[in-house]
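Biologist: Could you take a close look at the buried side of this model for me, beginning with one residue and working outwards? I'd like to hear about packing, rings and ligand surroundings, with the cut-offs stated.

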Amino acid sequence: MTFVVTDNCVKCKYTDCVEVCPVDCFYEGPNFLVIHPDECIDCALCEPECPAEAIFSEDEVPAGQEQYIQLNAELAEEWPNITEQKDPLPDAADWDGVPDKIDHIER
Ligand code: SF4
Ligand code: F3S
């Protein structure tokens with residue numbers, strides 16, 4: 001089991017989640033974060049920390065967002081590790097809650 005970062009993180013990237021992860025298993029792209037499924041210990045600490053409510057347990061990913069499970073696994077192998085909180089993206093407040101942002105993910 002792992003936790004998964006989903007659609008509402010895209011173009012927001014608040015990074016509050018990073019600060020609480022005991023195993024530093026978040027990986028950072030230009031405008032999205034992912035969790036490495038082989039490193040996540042399923043502690044659930046990050047889930048309530050996300051202001052965008054973008055983090056779910058693998059078995060609770062909202063309908064229609066299942067592709068994020070594979071996307072987290074794939075991008076965690078490509079992107080660098082992030083271990084400290086940073087400022088959110090400048091337009092985070094405008095994009096928070098906008099649906100279907102998957103095509104906006106920069107790689
Ligand atoms: Fe890290 Fe725990 Fe969240 Fe997994 S569930 S990403 S180990 S804080
Ligand atoms: Fe993204 Fe939420 Fe973390 S917006 S960077 S999953 S705090």
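Modeller: Happily! Isoleucine 82 counts as buried because its relative accessibility is 5% (buried is under 20% relative accessible area, exposed over 50%, partly exposed in between, with a 1.4 Å probe and protein chains only). This is a predicted model, in which local features need pLDDT of at least 70 and side-chain atom pairs pLDDT 80 or more, while totals for chains, interfaces and linings use all residues. Residues are numbered from 1 along each chain as its sequence is written, chains are lettered from A and ligands numbered from 1 in the order written, and side-chain values use heavy atoms, without hydrogens or water.

Isoleucine 82 sits in the loop between helix H2 (67–76) and helix H3 (92–95) (DSSP runs numbered from the N terminus: helices are H or I of at least four residues, strands E of at least two). Beyond four places in sequence, isoleucine 82 contacts Thr15, Val18, Phe26, Tyr27, Glu28 and Leu33 (contact means heavy atoms within 4.5 Å). Isoleucine 102 is 20 residues away from isoleucine 82 in sequence, with 21 Å between their C-alpha atoms.

One of those partners, Phe26, leads us to the core. The largest nonpolar core holds 32 residues, and Phe26, Phe32, Ile35 and Ile55 have the most contacts inside it (a core is a set of buried Ala, Val, Leu, Ile, Met, Phe, Trp, Tyr and Cys residues joined through side-chain atoms within 4.5 Å). Two or more residues each come from S1, H1, strand S2 (26–28), strand S3 (33–35) and H2, and H2 contributes the most, with four. In soluble globular proteins, nonpolar side chains tend to be buried together. Isoleucine 35 shows how busy a core position can be: its partners beyond four places in sequence include Phe3, Val5, Phe26, Cys40, Ile55 and Ala76.

Now for the rings. There are two aromatic pairs (ring centres of Phe, Tyr or the six-membered ring of Trp within 6.5 Å; planes under 30 degrees apart are stacked, over 60 edge-to-face, the rest tilted). Phenylalanine 32 and tyrosine 68 have ring centres 5.7 Å apart and planes at 70 degrees, so they are edge-to-face. Because phenylalanine 32 is in the loop between S2 and S3 and tyrosine 68 is in helix H2, this pair ties together parts 36 residues apart in sequence. With tryptophan 79, phenylalanine 32 has a centre distance of 6.4 Å and planes at 85 degrees, so this pair is edge-to-face too. Tryptophan 79 lies in the loop between H2 and H3, so here the parts tied together are 47 residues apart in sequence. Ring pairs thus link Phe32, Tyr68 and Trp79 into a cluster. Phenylalanine 32 is buried at 0% relative accessibility, and tryptophan 79 is buried at 9%.

Threonine 6 touches this cluster: Phe32 and Tyr68 are among its contacts, as are Ala54 and Val61. Its relative accessibility is 1%, so threonine 6 is buried, and its place is in the loop between strand S1 (3–5) and helix H1 (16–20).

Finally, the ligands. Around ligand 1 we find residues including Phe3, Phe26, Ile35, Cys40 and Cys46 (a residue counts if one of its heavy atoms lies within 4 Å). That shell has twelve nonpolar, no polar and no charged residues, whereas the shell of ligand 2 has nine nonpolar, one polar and two charged. Among the residues around ligand 2 are Thr15 and Leu33, which are also contacts of isoleucine 82, where we began.

Methods
Ala, Val, Leu, Ile, Met, Phe, Trp, Tyr, Cys and Pro count as nonpolar, Asp, Glu, Lys and Arg as charged, and the others, Gly among them, as polar.
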